[in-house]
Amino acid sequence: MLISFEGIDGCGKSTQARLLADALRAEGRDVVLTREPGGSPGAEEIRRLLVEGAGERWSPETECLLFTAARRDHLERTIRPALAAGRTVVTDRFADSTRVYQGAARGDLRAMVDRLHDLMIGIEPDRTFVLQIEPATGLARGAARGGAEDRFESLGLSFQERLATGFRALAGDYPDRVRLIDGSGGQAEVAARIRAAL
Ligand code: TYD
């Protein structure tokens, strides 16, 4: 299976992706835990171009191409080989992030994002967990974490609110695949909700 975690900045998905990978390994499964943008050496190089620097560094179109390029490398070098070997892949973000982030930056880009996805990626996860938290809580967590990777967080609260709306809408667009998970409470509590949904 390919399982993805999605949500706004600071929603806790990286922690939950790790906890799920650990739990599946403890049950004897062979799990690859990976992330986007990144997840392969080439895609990690593209990641730096995307997450560092000013909020307006790239045009929305260029940004879509860079995220798609990174995802294609991730797919070729990491995801497809792992699935072919019968491993379970848990990824921290996948194509829904491009649909929502780049779609939220400019709504009319969604058609282009979907066409690029069909041309270059062409697969969807078997299950996607969207972790839901208050946008203000997510931003506060991101600020507390610090570091150079704050390009999207620097776009502010109203952007995070648009993202939250976009992620919620995914459940309606892809009802068979996407599960909305309440991300409030302790780590173990959220992990239990995800296991129940899986
Ligand atoms: P990530 O490392 O998941 O950041 P965080 O752990 O803070 O959520 O992702 C880096 C940033 O890139 C994040 O703000 C979301 C953004 N992003 C997109 O805009 N489009 C995409 O396709 C992906 C994968 C990420």
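## Helix packing and a ligand site: worked exercises

Leu139 sits in helix α6, which covers residues 135–145. We'll start from this residue, keeping in mind that the model is predicted.

**Exercise 1. Find out which residues Leu139 is in contact with, leaving aside its neighbours within four places in sequence.**

*Solution.*
- Step 1: Look along the chain to Ser154, 15 residues apart from Leu139; the two C-alpha atoms are separated by 9.2 Å.
- Step 2: Now list the contacts. Leu139 touches Asp9, Glu153, Gly156, Leu157 and Gln160.
- Step 3: Hang on to Leu157 and Gln160, since both turn up again where α6 meets α7.

**Exercise 2. Work out how α6 is oriented relative to helix α7 (residues 157–173).**

*Solution.*
- Step 1: Take the axes. They come within 9 Å and cross at roughly 120 degrees.
- Step 2: Angles of 65 to 115 degrees would count as roughly perpendicular, and those over 145 as roughly antiparallel. The α6–α7 angle therefore makes the pair oblique.
- Step 3: Check the hand: this crossing is right-handed.
- Step 4: See who meets whom. Pro135, Ala136 and Leu139 from α6 face Leu157, Gln160, Glu161 and Ala164 from α7. Sorted by class, that's 5 nonpolar, 1 polar and 1 charged.

**Exercise 3. Helix α3 (residues 60–84) packs with α2 and with α5. Work out the orientation of each pair.**

*Solution.*
- Step 1: Begin with α2 (residues 41–51). Its axis and that of α3 come within 8 Å, crossing at roughly 160 degrees.
- Step 2: Angles over 145 degrees count as roughly antiparallel, so that's what α2 and α3 are to each other. Their crossing is left-handed.
- Step 3: Fill in the contact. On the α2 side you'll find Gly42, Ala43, Ile46 and Leu50; on the α3 side, Glu63, Leu66, Phe67, Ala69, Ala70, Asp73 and His74. The mix is 7 nonpolar, 2 polar and 2 charged residues.
- Step 4: Move to α5 (residues 110–120). Here the axes are 11 Å apart and the angle is about 25 degrees.
- Step 5: Angles under 35 degrees count as roughly parallel, so α3 and α5 get that label. This time the crossing is right-handed.
- Step 6: Glu61, Cys64, Leu65, Thr68, Arg72 and Leu75 of α3 meet Met112, Val113, Leu116 and Met120 of α5. Count the classes and you get 7 nonpolar, 1 polar and 2 charged.

**Exercise 4. Describe what surrounds the ligand, and say what stands out about the backbone of Arg93.**

*Solution.*
- Step 1: There are 17 residues around the ligand, and the closest are Asp9, Arg47, Arg93, Thr98 and Gln102. Asp9 should ring a bell: it's also one of the contacts of Leu139.
- Step 2: Look at distances between a ligand oxygen and a side-chain N or O atom. For Thr98 the value is 2.5 Å, for Arg93 it's 2.6 Å, and for Lys13 it's 3.0 Å.
- Step 3: Place Arg93. This residue lies in the loop between β3 (88–92) and α4 (95–105).
- Step 4: Check its phi, which is positive at about 80 degrees even though Arg93 isn't a glycine.

**Exercise 5. Locate the cis peptide bond between Glu36 and Pro37.**

*Solution.*
- Step 1: Read omega for this bond: about -15 degrees.
- Step 2: Place Pro37 on the chain. It belongs to the loop between β2 (31–35) and α2, and α2 is the helix that runs roughly antiparallel to α3.

Definitions and conventions: Residues numbered from 1 in each chain as written. Predicted model: local features only at pLDDT ≥ 70, side-chain atom pairs only at ≥ 80, totals over all residues. Heavy atoms only, no water. Axes fitted to C-alpha atoms, helices over the stretch in contact; angles between N-to-C directions. Helix = DSSP H or I, 4+ residues; strand = E, 2+ residues; numbered from the N terminus. Left-handed = near helix turned anticlockwise from the far one by under 90°. Contact = heavy atoms within 4.5 Å. Nonpolar A, V, L, I, M, F, W, Y, C, P; charged D, E, K, R; others polar. Near = heavy atom within 4 Å. Polar contact = N/O pair within 3.5 Å; in protein donor to acceptor, adjacent residues only side chain to side chain.
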